[in-house]
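The following account leads through a structure chain by chain and then turns to the contact between the chains. The sequence and the coordinates should be kept in view while reading.

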Amino acid sequence: MNGRISDNAGILVMLIAVQSLCAAFFLWDVIEDIRPGGMASLTNLHIAVEAAAALALVSAIVFETRYLMRLMQRKAHLESQVSIAAGAFHEIMLAHFDAWGLTPSENDVALFAIKGLPIAEIARLRGSAEGTVKSQLNAVYRKAGVSGRGGLLGVLIDELVAGPLVEAGRET
Amino acid sequence: MKEFKVWDPFVRVFHWSLVAGFAANAFFTDDESALHEWIGYAVLALVALRLLWGLIGPATARFASFLPGPHAVMGQITDIATHRHRTHLGHSPLGALMIVNLLATMIAIGVTGYMMTTNAFWGVDWVEEAHEMLVTWAEVSVVVHIAAVVWESRRTGVNLARAMITGRKRLPEDVNIAS
């Protein structure tokens, strides 16, 4: 699983790089086309279609970059997970994080907290102040609707032993 | 704040001379003038010295110390994705890729520029086209470079532009240093 994710990420990085080159070229081309006549040139069907295609490519790159960021977050967390049980727990955890709408920082902090790391250690690993980690953790608890680390763990364990995997926010 | 000496004087003088030389030729000098040619040769000479310095210079200037493998590149992207504050004392992996790109582009611009002055290639269309496209490519790269420096400075809390002037990186207490 881990191997697959890192392969995907590498390919995705290449893909984004190549598509960015193409997008830069097409955008430059569109700008050169528009320059002589101003925005009025966009009424020319050919130029308008060209501009639309270039913008579509740019939005695809934005989407891919966001997807890459998600993939790298997962990869960062899955590195030490080898057993199937750990993998399943991880899936549940990430699905919940998605559903709660955690930011990338909160996501990372929550994971370290669930692994049982003390706040000082989390701060060291993330290169941030302990106060920052505390407020990020509080945001996680608030979004999850629990009062602390134990509650957070409880929600996730419940899911693991009780029923089907949550579907919300799953994408891979 | 902790301070680390990272860029030696040659690296800094090289960086800002390259900025001056490229900006002069891209925006100010007459393309047909002797001055344009001489600045072009000066830029080529600068890049040649930088390549030499990359072999014999101090640690942070040496290519062997900063040309990144895929693992290092993915590591930096992971830091960005997880919002972890980790910084590199020398060039960061993605920054190093930009350096390679810019050095190669400068060489290609210089070579195509020189070709235009030779009898064999004088007035040949593709050489001139290539020269101009490479300059556009370099301009796009410079914009990306500046945007990335601003963005990385904000992300890691280390003022990278200042470091390229003073030679010293000032790191916030909390930030981790990537080996």
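Two strands are said to pair if DSSP finds at least two bridges between them. The structure discussed here is a predicted model, and the definition just given applies directly to a pair of strands in chain B. Strand S1 (residues 2-5) of chain B and strand S3 (residues 168-171) of chain B pair in the antiparallel sense over four bridges. Within this pairing, B:Phe4 has B:Lys169 of S3(B) as its bridge partner. The two faces of S3(B) can also be told apart: B:Lys169 and B:Leu171 lie on the covered face, whereas B:Arg168 and B:Arg170 lie on the uncovered one. B:Lys169, the bridge partner of B:Phe4, thus belongs to the covered face of the strand.

The setting of these strands is the fold of chain B as a whole. Chain B contains seven helices and four strands. Read from the N terminus, its elements follow the order β-α-α-α-α-β-α-α-α-β-β. The C-alpha trace of chain B spans about 60 × 30 × 30 Å along its principal axes. Of the 179 residues in chain B, 24% are buried. Among contacts in this chain between residues at least 6 apart in sequence, 64% join residues at least 24 apart.

One residue of chain B may serve as a local example. B:Ile107 is located in helix H5 (residues 93-117) of chain B. Is B:Ile107 buried, exposed or partly exposed? A residue counts as buried if 20 or more other C-beta atoms lie within 10 Å of its own, and as exposed if 12 or fewer do. Because B:Ile107 has 16 other C-beta atoms within 10 Å, this residue is partly exposed. B:His145 is 38 residues away from B:Ile107 along the chain, and the C-alpha atoms of the two are separated by 18 Å.

Chain A has a different make-up, with seven helices and zero strands, so that the order of its elements from the N terminus is α-α-α-α-α-α-α. Buried residues account for 19% of the 172 residues in chain A. Of the contacts in chain A with a separation of 6 or more, 66% are between residues 24 or more positions apart. The domain assignment divides out domain 1 (2-78) and domain 2 (101-162) of chain A. The centres of these two domains, taken over C-alpha atoms, are separated by 34 Å.

A helix packing in chain A deserves closer attention. Helix H4 (104-114) of chain A packs with helix H6 (residues 130-144) of chain A at an angle of about 90°, and their axes are 9 Å apart. Angles of 65 to 115 degrees count as roughly perpendicular, and H4(A) and H6(A) are therefore roughly perpendicular to each other. H4(A) contributes A:Ser105, A:Glu106, A:Val109, A:Ala110 and A:Ala113 to the contact, while H6(A) contributes A:Val133, A:Gln136, A:Leu137, A:Ala139 and A:Val140. By character, the residues of this contact comprise seven nonpolar, two polar and one charged.

The two chains also meet each other. In this interface, 18 residues of chain A are in contact with 15 residues of chain B. On the side of chain A, the elements that give two or more residues are helix H1 (2-37), helix H2 (45-78), helix H4 (104-114) and helix H5 (119-126). The residues on that side are made up of 10 nonpolar, five polar and three charged. H4(A) therefore takes part both in the packing with H6(A) and in the side of chain A that touches chain B.

Technical notes
Residues are numbered from 1 along each chain as its sequence is written. Chains are lettered from A and ligands numbered from 1 in the order in which they are written. This is a predicted model: local features need pLDDT of at least 70, side-chain atom pairs count only at pLDDT 80 or more; totals for chains, interfaces and linings use all residues. Two residues are in contact if their C-beta atoms, placed from the backbone, lie within 7 Å. Ala, Val, Leu, Ile, Met, Phe, Trp, Tyr, Cys and Pro count as nonpolar, Asp, Glu, Lys and Arg as charged, and the others, Gly among them, as polar. Domain bounds come from an automatic or database domain assignment. Axes are lines fitted to C-alpha atoms, for helices over the stretch in contact, and angles run from 0 to 180 degrees between N-to-C directions. Angles under 35 degrees count as roughly parallel, over 145 as roughly antiparallel, 65 to 115 as roughly perpendicular and the rest as oblique.
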